[in-house]
Structures are given as C-alpha cells and as structure tokens.
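Q: Please take a close look at one part of this model with me. I'd like to begin with a single residue, work along the element it belongs to, and then see how that element sits with the rest of the chain.

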Amino acid sequence: AQASSSGGSSGKPEPPMDEEAVMQRYQRLRDEYSGIASKVAEIELDRNEHQLVLDVLTPLEPTRKCFRMVGGVLVERTAAEIIPALTSTIAGMTEVLGKLNEALQAKATEQRALATKYNLKLRAGELVVR
C-alpha cells in the first residue's frame with residue numbers, strides 16, 4: 001500500500017496536477033494569503049492604538065492614575081505600572097507582525113511559483129490555465 005502525500009515538501013517532485021486541482025490549490029493559497037493579510041491589518045491597528053496610548057502616558061508623572069481594560073474589566077493602575085506593560089505588548093505585536101509578514105511573503109512566492117509553473121492567467125476576474 002502506498003501513502004499519498006499532497007504536501008510537496010517530502011523532497012520528491014510533485015506529480016503534475018490536472019487543471020481543476022491547480023485552480024483549487026491556487027484559490028486555497030489566495031484564501032490563506034487573504035486571511036494572513038487580514039490578521040496583519042488587525043494587529044497593526046491594535047499596535048498603533050497601543051502606541052498612541054503609550055505616547056500619551058509617557059510624558060505624564062509616574063504616579064498619575066490610569067485605567068486599563070484587562071479581560072473586559074477596567075482596572076486602576078499608575079502610569080509607571082502601565083508603561084512597561086504597553087511597551088512589552090507593542091514589542092510582542094511587532095514580533096508577531098514580523099512573522100506574519102514572512103508568512104505572507106512565503107504565500108505570495110508560492111502563488112507566483114504555481115502561476116508560473118502552470119501558466120496561470122487572470123482573465124476578466126477568472127483564473128485560467130493556459
């Protein structure tokens with residue numbers, strides 16, 4: 001009994017795909033790319049909001065009362081307590097964004113490779129195999 005692998009990363013050359021399989025794979029890659037791009041946009045918005053708050057809090061005196069939403073609960077803290085947490089959160093978001101952007105580039109490269117290999121073209125919004 002032979003095991004069939006559709007991953008393509010086993011080192012063996014991929015068997016040629018029929019037109020329908022190529023179209024489905026390309027569409028799946030486009031969907032994955034779109035999902036990653038949406039997540040990147042969402043995290044960038046969150047990071048920018050966090051940065052705005054950090055920019056407002058930084059010049060304040062460290063003992064100034066601040067309120068922060070934690071898990072849906074508003075908690076009172078001081079600027080000195082919130083600033084390090086914000087800085088850490090922004091750094092974490094930046095790291096995640098870097099990894100997501102790398103994944104986005106990998107998906108784009110994979111899409112281009114598939115389009116080149118199977119000579120895919122877009123005509124009037126429809127993907128065609130030539």
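A: Gly 35 is partly exposed in this predicted model, and its relative accessible area of 41% is why it gets that label: buried would need under 20%, and exposed over 50%. Gly 35 belongs to helix 1. Its C-alpha atom lies 9.5 Å from that of Leu 104, although the two residues are 69 places apart along the chain.

Let's step back to the helix itself. Helix 1 covers residues 19-57 and has 39 residues. From its first C-alpha to its last it reaches 57 Å, close to the 57 Å expected at 1.5 Å a residue.

Now for the covered side chains. The buried residues of this helix are Val 22, Arg 25, Tyr 26, Leu 29, Ile 36, Val 40, Ile 43, Leu 54 and Leu 57. Their cover includes strand 1 and helix 2, as well as strand 3 (120-123) and strand 4 (126-129).

Arg 25 deserves a pause, as a residue of helix 1 whose side chain has a polar partner. Arg 25 counts as buried because its relative accessibility is 14%, which falls under the 20% cut-off. Its side chain is joined to that of Glu 110 by a polar contact of 3.4 Å.

Some of the buried residues also belong to a nonpolar core. In soluble globular proteins, nonpolar side chains tend to be buried together. Here the largest nonpolar core has eight residues: Val 22, Tyr 26, Leu 29, Leu 114, Ala 115, Tyr 118, Leu 120 and Leu 127. Two elements give two or more residues to this core, namely helix 1 and helix 2 (79-117). The most comes from helix 1, with three residues.

Val 22 is a good place to zoom in. Setting aside neighbours within four places in sequence, Val 22 is in contact with Met 17, Leu 114, Tyr 118, Leu 120 and Val 129.

Strand 1, named above as part of the cover, has a partner of its own. Strand 1 (residues 65-70) pairs with strand 2 (residues 73-78) in the antiparallel sense, over six bridges. Within that pairing, Phe 67 stands opposite Glu 76, and Arg 68 has Val 75 as its bridge partner. The hairpin leaves two residues between the strands, and Gly 71 there takes a positive phi near 60°.

Finally, here is the wider setting. The protein has two helices and four strands, arranged α-β-β-α-β-β from the N terminus on. Of its 130 residues, 21% are buried. Among contacts with a separation of 6 or more, 61% are between residues 24 or more positions apart. The protein exposes about 9400 Å², with carbon and sulfur atoms supplying 54% of that area.

Note on methods
Residues numbered from 1 in each chain as written. Predicted model: local features only at pLDDT ≥ 70, side-chain atom pairs only at ≥ 80, totals over all residues. Heavy atoms only, no water. Pairing = 2+ DSSP bridges. Core = buried A, V, L, I, M, F, W, Y, C linked by side-chain atoms within 4.5 Å. Buried < 20%, exposed > 50% of the residue type's maximum accessible area, 1.4 Å probe, protein only. Contact = heavy atoms within 4.5 Å. Expected span 1.5 Å × (residues − 1). Areas by Shrake-Rupley, 256 points an atom, 1.4 Å probe, with all protein chains shown as cover. Polar contact = N/O pair within 3.5 Å; in protein donor to acceptor, adjacent residues only side chain to side chain.
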